[in-house]
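Let's take a walk through a protein together, one region at a time. Keep the 3D view open and turn it around as you read.

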Amino acid sequence: MNLLKLKIYICLFVLFSCSEDSPSSSNNNIDGNGNTNLNSDIIPHKEYSLDSFGNILDTEIMIEDFDSAATCKNCHEEIYNQWASSFHALSFNDPIFMSMWSSEKNSHPETGTMYCVQCHAPAAFVTGYSLEGINSQSDLKHSDIPNIIKEGVSCDICHTMVQKSPTVHTQDNIAAVAEYFLNPGEDIKYGSIQDPDCSANEESGAHSDCQYLPLFKSSSSCKPCHDQTIRGMPIETTVSQWDEHPPLAMFGPSCQDCHMPKIGSHSSHYFAGVDLLFYDGVDESSDQYQQVINLLEQSATIHLGYFDTVKDSIYIEDNILYLPITVNNLTGHRLPSGTPFSREAWVEIKVFDSEGNIIFDKGALENPYDIINHDDPDIILYTTILYDQENLEGNIVYEPSKALSYDDRTLRTLFYDSHQYQIEIENSLSGLITVKARMLFRSFKPQILNEFHPSSINNLPIIEICSDSVSVMIP
Ligand code: HEC
Ligand code: HEC
Ligand code: HEC
Ligand code: HEC
Ligand code: HEC
């Protein structure tokens, strides 16, 4: 979506934003496009049932019911290529996932396999396919498990979906409980094209039928995986964050408007977010990189001053520089969202004297893998911190399945945050003081990479979301 459109939405939101954190009054039957009934009683789906460890007891879905993404490429080439470079295609086939999944299997041997796989390789979950012996990308590559499982969140997972799912409420036992409503293996794909014509496909053996479902225009279609509470804590709840903001839930934009904008005649299937393929260095010329940068640059604004005022709220008095900074979240959810405990967004500020010497700085890292001290009250940092004991006690952990309490320091949905610095200016200085502020983002805390993928730590990219600068004359 372009920036202008976003700004218009923002104007609308400001009018409605005040009670954002009040308990949700939104009606789950209404979605961003006014579709009141996303659940069709007419379309059948295939059922499965789970035991208390999150393993399949009984299922009507056979692994052969799913078509591999490779079979869609002939006719949907552009969409295929976009999806193939997305993190949906890499949700299972990823070194950090594999390493964290192994840790989960160690700490919860009976439930750990399917707990992660329910969202990261859903075809294995709903069919009860055995993933024994798969602990790394190399195991995956050399195994003969069906491609549809290796493809993670593949085409057929989404395009056989016929109803919206409930939020995944993970209990203390950390077992899989996801409820999907899928109808695979029936030669029909569901999507957002109204009056599609698939009859000519019969000859080639591809899906001979297709059907429009309003669900595909709705944020609810992202719910089975992008909404999860753990032990009652809303740690990974992107869809709820969107849904609980009345203007978003009532007028949109939906997840698709921002994450699947139209490219030509198709909706983008890059699913750009914040993750980058950086493990062996970032390829800045790749489409994936460009998509992520474009999105991040639209995620927030930074302003030296207070919200809605001009820059003269900055002044120097009695050798103190009074410097307010306001950060505005323009996304459709908290910032960061998704897995906020692994993300960091923060403000780097540098103050220069008239000769260009730095007289104050905060949030400036020497190396991209330097650790940010979240106890420093003067750093503007947006993230979530997980603790292995209740009441924010015990050790900090980086796996939500081990968390008993959490400190949510994310920036509220479509809201702003102001912080005032008071910086001492030495008597001997005169002339212009220049302030430069940048909002920065990294998709992983270095502590997580150290634990789960240490070899990539030198390649961790830091991305500039936005910046502002101002000069003030010393009186
Ligand atoms: C032989 C060519 C062919 C192959 C192979 C093929 N499709 Fe299609 N698909 C089509 C055509 C043609 C349409 C109809 C487009 C239209 O009406 O504008 C279509 C439409 C769709 C739609 C839109 C349905 C709607 O109502 O919005 C989806 C989703 C879809 N295909 C998914 C897939 C998936 C997933 C695969 C691979 C498993 C696949 N297709 C393989 C030709 C193909
Ligand atoms: C107004 C546009 C907008 C809407 C609506 C929106 N997003 Fe985002 N989303 C963004 C931007 C910009 C970012 C990058 C900044 C960030 O990390 O939040 C992002 C980031 C993400 C991420 C990366 C995780 C992270 O660290 O934040 C996920 C996952 C995501 N969005 C999913 C969704 C889902 C699911 C929905 C619908 C419930 C949705 N988004 C609605 C703009 C939007
Ligand atoms: C994470 C879920 C998801 C995955 C994975 C996914 N799609 Fe889609 N797809 C959607 C949604 C949602 C829409 C509707 C977007 C809209 O109209 O705003 C859509 C739209 C489509 C459409 C019809 C509209 C258009 O843009 O042409 C086709 C065809 C399609 N997808 C094919 C595919 C194929 C082929 C793959 C795999 C290579 C795939 N999709 C993977 C969710 C997904
Ligand atoms: C079947 C589960 C599933 C569904 C349905 C699904 N997603 Fe995802 N999505 C995932 C998983 C798992 C990841 C993380 C992949 C990884 O990085 O390992 C992800 C990642 C993403 C990312 C990239 C986040 C980043 O940080 O880069 C975006 C954006 C995203 N999804 C948007 C959507 C939208 C929009 C929809 C609905 C139209 C949707 N997803 C539906 C499972 C799903
Ligand atoms: C309810 C669905 C769900 C479950 C269960 C789940 N994930 Fe995810 N995971 C997601 C989604 C959605 C994203 C994308 C969010 C984002 O990019 O911010 C994601 C992102 C990730 C990422 C990439 C970014 C990051 O934060 O590190 C990794 C790695 C990951 N998950 C590992 C795991 C492991 C390991 C497990 C099991 C312990 C697991 N996930 C369980 C849905 C799930």
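In what order do the strands of the open three-stranded sheet lie, and is their pairing parallel or antiparallel? Reading across this sheet, you meet β17, then β16, then β18, and the pairing is antiparallel. That puts β17 (396-397) and β18 (405-408) at the edges, each with a pairing partner on one side only. Zoom in on β16, residues 384-387, and you'll find two bridges tying this strand to β17 in the antiparallel sense. If you want a particular pair to look for, take leucine 386: its bridge partner in β17 is valine 397. While you're looking at strands, here's a handy general idea: in a regular strand, side chains alternate between the two faces of the sheet.

Now zoom out. One thing to keep in mind is that you're looking at a predicted model. The protein has 14 helices and 21 strands in its secondary structure. Along the principal axes, its C-alpha atoms fill a box of roughly 80 × 45 × 45 Å. How does the radius of gyration fit with a compact globule? For 475 residues, such a globule would come out near 23 Å, and the protein has 24 Å, so the two agree. As for the inside, 39% of the 475 residues count as buried. The chain also brings distant stretches of sequence together: take the contacts between residues at least 6 apart in sequence, and 67% of them join residues at least 24 apart.

Next, split the protein into its parts. The domain assignment gives domain 1 (24-271) and domain 2 (294-473). Their centres, taken over C-alpha atoms, are separated by 33 Å. Where the two domains touch, 22 residues of domain 1 and 19 residues of domain 2 take part in the contact. On the domain 1 side, at least two residues each come from α3 (95-107), β7 (233-236), α10 and α12. Which of these elements gives the most? That's α3, with seven residues. Sorted by class, this side of domain 1 has 12 nonpolar, seven polar and three charged residues.

You've just met β7, so let's stay with this strand for a moment. Two bridges join β7 to strand β6 (residues 228-230), and the two strands run antiparallel. Glutamine 228 has glutamate 236 in β7 as its bridge partner. Together β6 and β7 make a hairpin with two residues between them, and arginine 231 in the turn has a positive phi of about 50°. There's another hairpin to compare, made by β1 and β2. Here the strands, β1 (residues 48-50) and β2 (residues 56-59), run antiparallel and are joined by three bridges. Serine 49 stands opposite aspartate 58 in β2. Five residues lie between the strands of this hairpin, and glycine 54 takes a positive phi near 85°.

Time for the ligands. Why does ligand 2 lie between the two domains? Both domain 1 (24-271) and domain 2 (294-473) give residues to its shell, so that is where it lies. The shell around ligand 2 holds 25 residues, and the closest are Cys255, Cys258, Ser299, Gly332 and Gly338. Two or more of the shell residues come from each of α10 (238-243), α12 (255-259) and α13 (287-297). The largest share, four residues, belongs to α12. Split by class, the shell around ligand 2 has 11 nonpolar, 12 polar and two charged residues.

Move on to ligand 3, which has 22 residues around it. Cys155, Cys158, Ser192, Gln256 and His266 come nearest. The elements α2 (77-84), α8 and β9 (266-267) each supply at least two residues of this shell. By class, you'd count 11 nonpolar, 10 polar and one charged.

Last on our tour is ligand 4, surrounded by 26 residues. Look for Ser91, Cys222, Cys225, Gly273 and Asp275, which are the closest. Here α4 (112-120), α8 (155-159), α9 (223-226) and α12 each give two or more residues to the shell. That shell divides into 15 nonpolar, nine polar and two charged residues. Did you spot some returning names? α8 supplies residues to the shell around ligand 3 and to the shell around ligand 4, while α12 contributes to the shell around ligand 2 and to the one around ligand 4.

Note on methods
Residues numbered from 1 in each chain as written. Chains lettered and ligands numbered in written order. Predicted model: local features only at pLDDT ≥ 70, side-chain atom pairs only at ≥ 80, totals over all residues. Near = placed C-beta within 6 Å. Nonpolar A, V, L, I, M, F, W, Y, C, P; charged D, E, K, R; others polar. Domains from an automatic or database assignment. Contact = placed C-beta atoms within 7 Å. Pairing = 2+ DSSP bridges. Rg over C-alpha atoms; globule rule 2.2 N^0.38 Å. Buried ≥ 20, exposed ≤ 12 C-beta atoms within 10 Å, placed from the backbone.
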